[in-house]
Amino acid sequence: MRIGVYPGTFDPVTLGHLDIIKRGSRLVDKLVIGVTTNPAKSPMFDLNERVAMVEEAISDIEGASVVTFNSLLMDFAAEQGASMILRGLRAVADFEYEYQMAGMNQQLNDEIETVFLMADVSLQPIASRLVKEIARYGGPIDKFVTPAVAARVTERVARENGR
């Protein structure tokens, strides 16, 4: 069985993430979406909320599941029995960072390959950080996330603003 891991913070999960998940799920028998914490980021949603959003968004994708982790990615991938790490690329800046990470990960475990998928052209500009920023300024985010995620982000922003 070929198992892949698609890691991220997914704060929140976007249509760009879902594009990579759908396309990546066709490359493996099982795709584990690894939802993690990132000390360098201040998430809008806690880990359980992010997991719930991802689970809802992938409910129709066969062979995909969601697991949390708080460890080195390569340790998590090995625990899952993965032979591949799936990463999405939007721009050259993504590639530079991802290329360096892939090299470091290969040094940690050369049995697990990193596979890059280019984001669909129409989805390349989407970033969770920008979705949150647009929402905080009252802009529409429904072009970037599922309706359920848009509702959760809008509700969270309203709560942050005391409404």
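# Close-up views of a predicted model

**Figure 1. The largest nonpolar core and its best-connected members.** Among the 33 residues that make up the largest nonpolar core, those touching the most other members are Val13, Ile21, Ile33, Val54, Ile58 and Val153. Helices and strands both feed into this core: α1 (15-25), α2 (47-57), α5 (128-136) and α6 (147-160) each give at least two residues, and so do the strands β2 (30-36), β3 (64-69) and β4 (84-89). Please keep in mind that this is a predicted model. As background, nonpolar side chains in soluble globular proteins tend to be buried together.

**Figure 2. A closer look at valine 54.** Which residues does valine 54 contact once its neighbours within four places in sequence are left aside? The list is Phe10, Val13, Ile33, Val35 and Val66. Two of these partners, Val13 and Ile33, also appear with Val54 among the core members that touch the most others.

**Figure 3. A second core.** Apart from the core that holds valine 54 lies another one, made up of eleven residues. Its members include Val5, Leu73, Met74 and Ile85.

**Figure 4. Arginine 156 and glutamate 49, a salt bridge between two helices.** The structure holds seven salt bridges, and the one shown here joins arginine 156 to glutamate 49, with 2.4 Å between the closest N and O atoms. This pair links distant parts of the chain, since arginine 156 belongs to helix α6 and glutamate 49 to helix α2, 107 residues apart. Is arginine 156 buried or exposed? Arginine 156 counts as buried because its relative accessible area is 11%, under the 20% limit. Glutamate 49, at 23%, is partly exposed.

**Figure 5. Aspartate 94 and arginine 90.** Here the side chains of aspartate 94 and arginine 90 meet in a salt bridge, with an N to O distance of 3.1 Å. Aspartate 94 is buried, with a relative accessible area of 18%, whereas arginine 90 is partly exposed at 32%. In general, side chains of opposite charge can pair when their charged atoms come close.

**Figure 6. Glutamate 160 and arginine 136, a link between helices α6 and α5.** The side chains of glutamate 160 and arginine 136 form a salt bridge with 3.2 Å from N to O. Glutamate 160 sits in helix α6 and arginine 136 in helix α5, so the pair links distant parts of the chain, 24 residues apart. How accessible are the two partners? Glutamate 160 is partly exposed, at 41% relative accessibility, and arginine 136 is also partly exposed, at 41%.

Technical notes
Residues are numbered from 1 along each chain as its sequence is written. This is a predicted model: local features need pLDDT of at least 70, side-chain atom pairs count only at pLDDT 80 or more; totals for chains, interfaces and linings use all residues. Side-chain values use heavy atoms; hydrogens and water are left out. A nonpolar core is a set of buried Ala, Val, Leu, Ile, Met, Phe, Trp, Tyr and Cys residues joined through side-chain atoms within 4.5 Å. Buried means under 20% relative accessible area, exposed over 50%, partly exposed in between (1.4 Å probe, protein chains only). Helices (H or I, at least four residues) and strands (E, at least two) are DSSP runs, numbered from the N terminus. Contact means heavy atoms within 4.5 Å. A salt bridge is a side-chain nitrogen of Lys or Arg within 4 Å of a carboxyl oxygen of Asp or Glu.
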